[in-house]
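Me: Please take a close look at one part of this model. I would like the side where one chain meets the other, and what lies behind that side.

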Amino acid sequence: MSGFLAVLAAIPITLLVTVGAFIVGFILALGLVLMRRSKHRWLSFPARAFIDLARGIPPIVWLFFLFFGLSMGAIKLDALQAGILGLGVVSSGYLAEIFRGGLLAVHRGQYEAGEALGLSAWTRYSKIIAPQAFKAMLPAMATYFIGLVKDSSIASVIGVKEMVFTANQYARQDAETGIYTFFLAAVIYIAVSIPFAVVARRMESKLQESGAR
Amino acid sequence: MNTFEFWGDNFPQMLAGMGVSLQLTLGALVMGIPLGLLLALGVSSKLRLLRWVCLALVEVGRGAPALVVLYVVYYGLPVLKLSPEAMTCAYIGLTYTTCAYTSEYIRGGLKSVSPGSIEAAHALAMPGLDVLRFIIIPQGLRVAIPSLMGFAIQIFQATSLTYSITVREVTAVSYSVASQTFRALEIFTLAGIMYAIITIPASWLTNKVEQRLTLRH
C-alpha cells in the first residue's frame with residue numbers, strides 16, 4: 001500500500017522531467033532547424049550532425065554521459081538536471097525534424113508572397129509561416145510528447161525519483177508485492193496514452209470513410 | 001594512458017557487449033514481427049472477442065514504457081515461481097514491445113492493399129487463406145517495410161534499457177568500465193560512437209528505401 005502511494009506521489013516528478021525535457025528540446029530544436037535550413041554549409045552541417053547524434057544514441061547513454069561523464073569535469077549536474085537536459089537533447093533532435101517537416105508543408109507561394117510584399121524575415125516567419133507550420137506539425141508534436149512521458153522513465157537509471165525509480169525501490173525489497181507497484185506505474189502510463197490512441201483510431205476510420213466516398 | 005589507448009584496451013569487451021545488443025535486437029525482431037503480424041490480423045478480425053483481446057495487447061504494449069515492460073517481466077516471472085535468466089527476460093520484454101508496435105505498422109500496410117486486388121482474387125475463387133497469404137500479406141508487408149526498418153533502429157536503441165535488468169550489453173559494459181576506471185566521459189563517448197555508427201547509416205538506408213518504395217507506387 002505504501003508502495004502505491006509512493007508511486008502516486010512520484011507522478012509530479014515524472015511530469016516535471018517530461019515537461020522540462022520538452023521545453024529544453026523545443027528551444028534547442030528551434031535553433032537547430034534554423035541552422036539546418038541555412039544555405040551555409042558551416043551552419044547546416046553541424047546542425048545535421050547534432051540532430052543525427054541526438055536521435056542515434058540511446059537516451060540512457062546520453063544520461064550517463066551527462067551525469068557521470070560531465071560530473072567528473074567542471075560542470076556539476078544533479079540527477080534531475082542531467083535527466084531533463086539529457087532527454088531534452090534527445091527531444092531536440094526529434095523535434096527539429098518535426099519542425100523541418102512542418103516548415104516544408106507550408107506552400108512555397110506563402111514564402112514568396114511574403115517576400116513580394118516586402119515583409120521582414122521576422123514578420124514573414126512569425127506571422128505567416130510559423131502559424132501554418134505549427135498547425136501542420138501539431139499531431140506529430142503531440143505524439144512525440146506522449147512518447148516522452150514514457151521515455152521520462154529512463155531518467156530512473158541515474159536516480160531521478162520518478163515513478164519507475166520509486167516502483168523499483170519497492171520491487172527490490174520485496175518482489176512479491178513490489179511487482180504491483182510496477183503494475184500501477186504501467187497503468188498510469190497506459191492511462192495517459194490511451195486517450196491519444198482512441199483519438200488516433202477515430203481519425204483513421206473517419207479518414208477512411210471520407211476516402212471511400 | 002591517453003583516450004585512444006584507453007578505448008583500445010576496452011574495445012574487445014565493448015565489442016562483446018555490442019554483440020549482445022545486436023543479438024537482442026535480432027531476437028526481438030525475428031520473434032516480434034511475426035507476432036505483430038498475428039496481432040494485426042487479430043485486430044482486423046470480425047470476431048469481437050479476438051479483436052478486443054488483440055487490441056488490448058497492442059495498446060498495453062505501446063502504452064507502457066519498454067523499461068516498465070522489462071521490469072515487470074524481470075520481477076514478475078519469479079513471483080510466478082519461474083526464474084529465467086536476465087537475458088531471457090530481456091528477450092521476452094523486447095519481443096512484446098516489438099510485436100505491439102510492429103502490429104500497428106503492419107496493420108497500416110495491410111489496409112493499404114487495394115480492394116480491387118482482393119476482389120479479383122475472390123472472383124478467381126481463391127480460398128480466403130490463400131488471398132491472405134498470396135495477395136494481402138505480401139503487398140501489405142512491402143508497404144510496411146520503411147516503418148519496420150525505422151522501428152528496428154528504435155528497438156536496437158531500446159536494448160540499452162536491458163542494462164537495468166543486469167544484461168551485459170554495451171551500455172552495461174561501459175557503466176562497469178566507468179565505475180572501475182572513473183573515466184566515464186571517455187567510455188560513454190565510445191559507447192555513443194558505437195551506437196551512432198550503426199544507427200545513423202541505418203536511418204539513411206531507411207530513408208532511401210522509403211523514397212524507392214514511394215516512387216514506385
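Reply: What follows goes from the two chains to the contact between them, and then to the helices and residues behind it.

This is a predicted model. Chain A has 9 helices and 0 strands. Its order along the sequence is α-α-α-α-α-α-α-α-α. Chain B has 8 helices and 0 strands, and its elements run α-α-α-α-α-α-α-α from the N terminus on. The C-alpha trace of chain A spans about 70 × 60 × 25 Å along its principal axes. For the C-alpha trace of chain B the spans are about 75 × 50 × 25 Å.

Burial comes next. Of the 213 residues of chain A, 39% count as buried. In chain B, 41% of the 217 residues do. Contacts also reach far along each sequence. In chain A, take the contacts with a separation of 6 or more: residues 24 or more positions apart account for 71% of them. In chain B, among contacts between residues at least 6 apart, 77% join residues at least 24 apart.

Now the side in question. On chain B, 34 residues are in contact with 34 residues of chain A. Four helices of chain B each supply at least two residues of that side: α2 (48–63), α3 (66–79), α7 (170–181) and α8 (184–216). α8(B) gives the largest share, 11 residues. By residue class, the side of chain B that touches chain A holds 22 nonpolar, 10 polar and 2 charged residues.

Take α2(B) from that set. This helix has 16 residues. From first C-alpha to last, α2(B) reaches 22 Å, close to the 22 Å expected at 1.5 Å a residue. Its buried residues are B:Cys54, B:Val58, B:Gly61, B:Arg62 and B:Gly63.

α7(B) also supplies residues to that side, and α7(B) packs on another helix of its own chain. The partner is α1(B), residues 3–43. The axes lie 7 Å apart, at an angle of about 150°. Angles over 145 degrees count as roughly antiparallel, so α1(B) is roughly antiparallel to α7(B). From α1(B), the contact uses B:Asn10, B:Gln13, B:Met14, B:Gly17, B:Met18 and B:Ser21. From α7(B), B:Val170, B:Ala172, B:Val173, B:Ser174 and B:Val177 take part. The residues of this contact divide into 6 nonpolar, 5 polar and no charged.

Two loop residues come next, one in the loop before α7(B) and one in the loop after that helix. Most residues other than glycine have a negative phi. B:Thr166 has a positive phi, near 70°. This residue is found in the loop between α6 (128–158) and α7 of chain B. B:Thr166 counts as partly exposed because 13 C-beta neighbours lie inside 10 Å. B:Phe182 also has a positive phi, near 60°. The loop between α7 and α8 of chain B holds B:Phe182. With 11 C-beta neighbours inside 10 Å, B:Phe182 counts as exposed.

Then the core. The largest nonpolar core has 110 residues. Which members touch the most others? They are A:Leu63, A:Phe182, B:Val68 and B:Leu70. The largest share of this core, 12 residues, comes from α4(B), residues 86–111. B:Leu70 deserves a further line. Beyond its neighbours within four places in sequence, B:Leu70 is in contact with B:Cys89, B:Ala90, B:Gly93, B:Leu161, B:Thr162, B:Ser164 and B:Ile165.

Chain A offers a helix and a residue to set beside these. α5(A), residues 79–105, has 27 residues. At 1.5 Å a residue α5(A) should span 39 Å, and its end C-alpha atoms are 38 Å apart, which agrees. This helix is mostly covered, with 19 of its 27 residues buried.

The residue is A:Thr181, placed in α9(A), residues 175–212. A:Thr181 counts as buried because 26 C-beta neighbours lie inside 10 Å; the cut-off is 20 or more. Along the chain, A:Thr181 and A:Ala167 are 14 residues apart, yet their C-alpha atoms are separated by 5.2 Å. Leaving aside neighbours within four places in sequence, A:Thr181 is in contact with A:Gly3, A:Phe4, A:Val7, A:Ala167, A:Tyr170 and A:Ala171.

Notes. Residues are numbered from 1 along each chain as its sequence is written. Chains are lettered from A and ligands numbered from 1 in the order in which they are written. This is a predicted model: local features need pLDDT of at least 70, side-chain atom pairs count only at pLDDT 80 or more; totals for chains, interfaces and linings use all residues. Two residues are in contact if their C-beta atoms, placed from the backbone, lie within 7 Å. Ala, Val, Leu, Ile, Met, Phe, Trp, Tyr, Cys and Pro count as nonpolar, Asp, Glu, Lys and Arg as charged, and the others, Gly among them, as polar. The expected span of a helix is 1.5 Å times one less than its number of residues. A residue is buried if 20 or more other C-beta atoms lie within 10 Å of its own, exposed if 12 or fewer, and partly exposed in between; C-beta atoms are placed from the backbone. Axes are lines fitted to C-alpha atoms, for helices over the stretch in contact, and angles run from 0 to 180 degrees between N-to-C directions. Angles under 35 degrees count as roughly parallel, over 145 as roughly antiparallel, 65 to 115 as roughly perpendicular and the rest as oblique. A nonpolar core is a set of buried Ala, Val, Leu, Ile, Met, Phe, Trp, Tyr and Cys residues joined through C-beta atoms within 7 Å.
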